[in-house]
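The following exercises concern a ligand site, the pocket around it and selected local features. Each task is followed by a worked solution.

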Amino acid sequence: MSASWRPSIPGRVVEWHRTIDTTMRAAAELAFLGAAAGTIVGADEQTAGQGRMGRTWYSPPESGLYFTVILRPELDVRQLPLVTLALGCAVHDAILLLAGLYADLRWPNDVLLSEKKVCGVLTRYEHEAVLAGIGLNLNHESFPPELAGQATSLKLETGRTFAREEWLRFLARSIDTQVNILTRAGADSVLSAFTVRSTYTERRRVIVDEQTRGTTAGLSPDGFLRLRTDSGDLVTIHAGGVRPLD
Ligand code: BTN
């Protein structure tokens, strides 16, 4: 295990922990205290990493990148789903630029390589800030059996070992860029950006739950997923996620 790692990014507050329960809690506390937009809270290891829908996020020491950025975009809280999509685009672009791989995005927040999850994004609105949590599987060489079939890492995909600081810096910039696109150019730009980076948004056979199967039919203007169900209805999926059917 290497000595304590203290990343720095010029012009930005970065609070780094060796071990923490979850960077989401620490970021919420900083947001409450008025932390500036762009402040990052990260950790080498999380003992209670949070995923979506009450799941946990596997966060072993040093092999991944686990951080939360405090964002204060000039957006309505109802645009939070669009921020989630923008963050997925930011991660996609980092993977393309730094690893040369074209990741897939699965609505709303999964970043996939070889159909397995390489990164998860968790967005939450708290204390008048958007907390953007990023969990990137960078140098993991293996996963516990219960995750092995659905998770991968950049190391497993490429055989290379990656420097976390470079990824943190690039992701911080890429997140700013995509959130700026949303605030300046508007929702349509983010919806298009997500759609071109995703094989899941249109014409994909998916299952939502045991009762709901169908073919994806694009994104709604507010960032939700439209689905033509097998019974012919056009419905909008607001929560949860989808799994491939084929
Ligand atoms: C998901 O796909 O379920 C979202 C996973 C988000 C994980 C990241 S790791 C950094 C931040 N801190 C957490 O506890 N969760 C997010």
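**Exercise 1: A lysine side chain**

The side chain of lysine 155 makes a polar contact with the side chain of threonine 161 at 3.0 Å. The model is predicted, so local features require pLDDT of at least 70 and side-chain atom pairs pLDDT 80 or more, whereas totals for chains, interfaces and linings use all residues. Residues are numbered from 1 along each chain as its sequence is written, and side-chain values use heavy atoms, with hydrogens and water left out.

Task: State with which other side chain lysine 155 makes a polar contact, and in which helix lysine 155 lies.

Solution.
- Step 1. A polar contact is a pair of N or O atoms within 3.5 Å; within protein, one must be able to donate a hydrogen and the other to accept it, and residues adjacent in sequence count only if both atoms are side-chain atoms.
- Step 2. The side chain of glutamate 141 makes such a contact with the side chain of lysine 155, at 3.0 Å.
- Step 3. Lysine 155 belongs to helix α4, residues 154–158. Helices (H or I, at least four residues) and strands (E, at least two) are DSSP runs, numbered from the N terminus.

**Exercise 2: The ligand and its shell**

Task: Identify the residues that come nearest to the ligand, and describe the shell by element and class.

Solution.
- Step 1. Of the 20 residues around the ligand, Thr22, Gln46, Gln50, Arg52 and Lys117 come nearest; a residue is near if one of its heavy atoms lies within 4 Å.
- Step 2. Ligand oxygen atoms are 2.5 Å from a side-chain N or O atom of lysine 117, 2.7 Å from a side-chain N or O atom of threonine 22 and 2.7 Å from a polar backbone atom of arginine 52.
- Step 3. The protein covers 99% of the 410 Å² of accessible area that the ligand has on its own (Shrake-Rupley method, 1.4 Å probe).
- Step 4. Two or more shell residues come from each of α1 (23–32), β3 (64–71), β6 (116–126) and β7 (129–137). The largest share, four residues, comes from β6.
- Step 5. The shell has seven nonpolar, eleven polar and two charged residues. Asp, Glu, Lys and Arg count as charged, Ala, Val, Leu, Ile, Met, Phe, Trp, Tyr, Cys and Pro as nonpolar, and the others, Gly among them, as polar.

**Exercise 3: Two loop residues**

Task: Locate proline 108 and glutamate 62, and give the backbone feature of each.

Solution.
- Step 1. Proline 108 is in the loop between β4 (104–106) and β5. The peptide bond leading to proline 108 from tryptophan 107 is cis, with omega near 0°.
- Step 2. Glutamate 62 is in the loop between β2 (40–46) and β3. Phi of glutamate 62 is near 70°, a positive value in a residue other than glycine.
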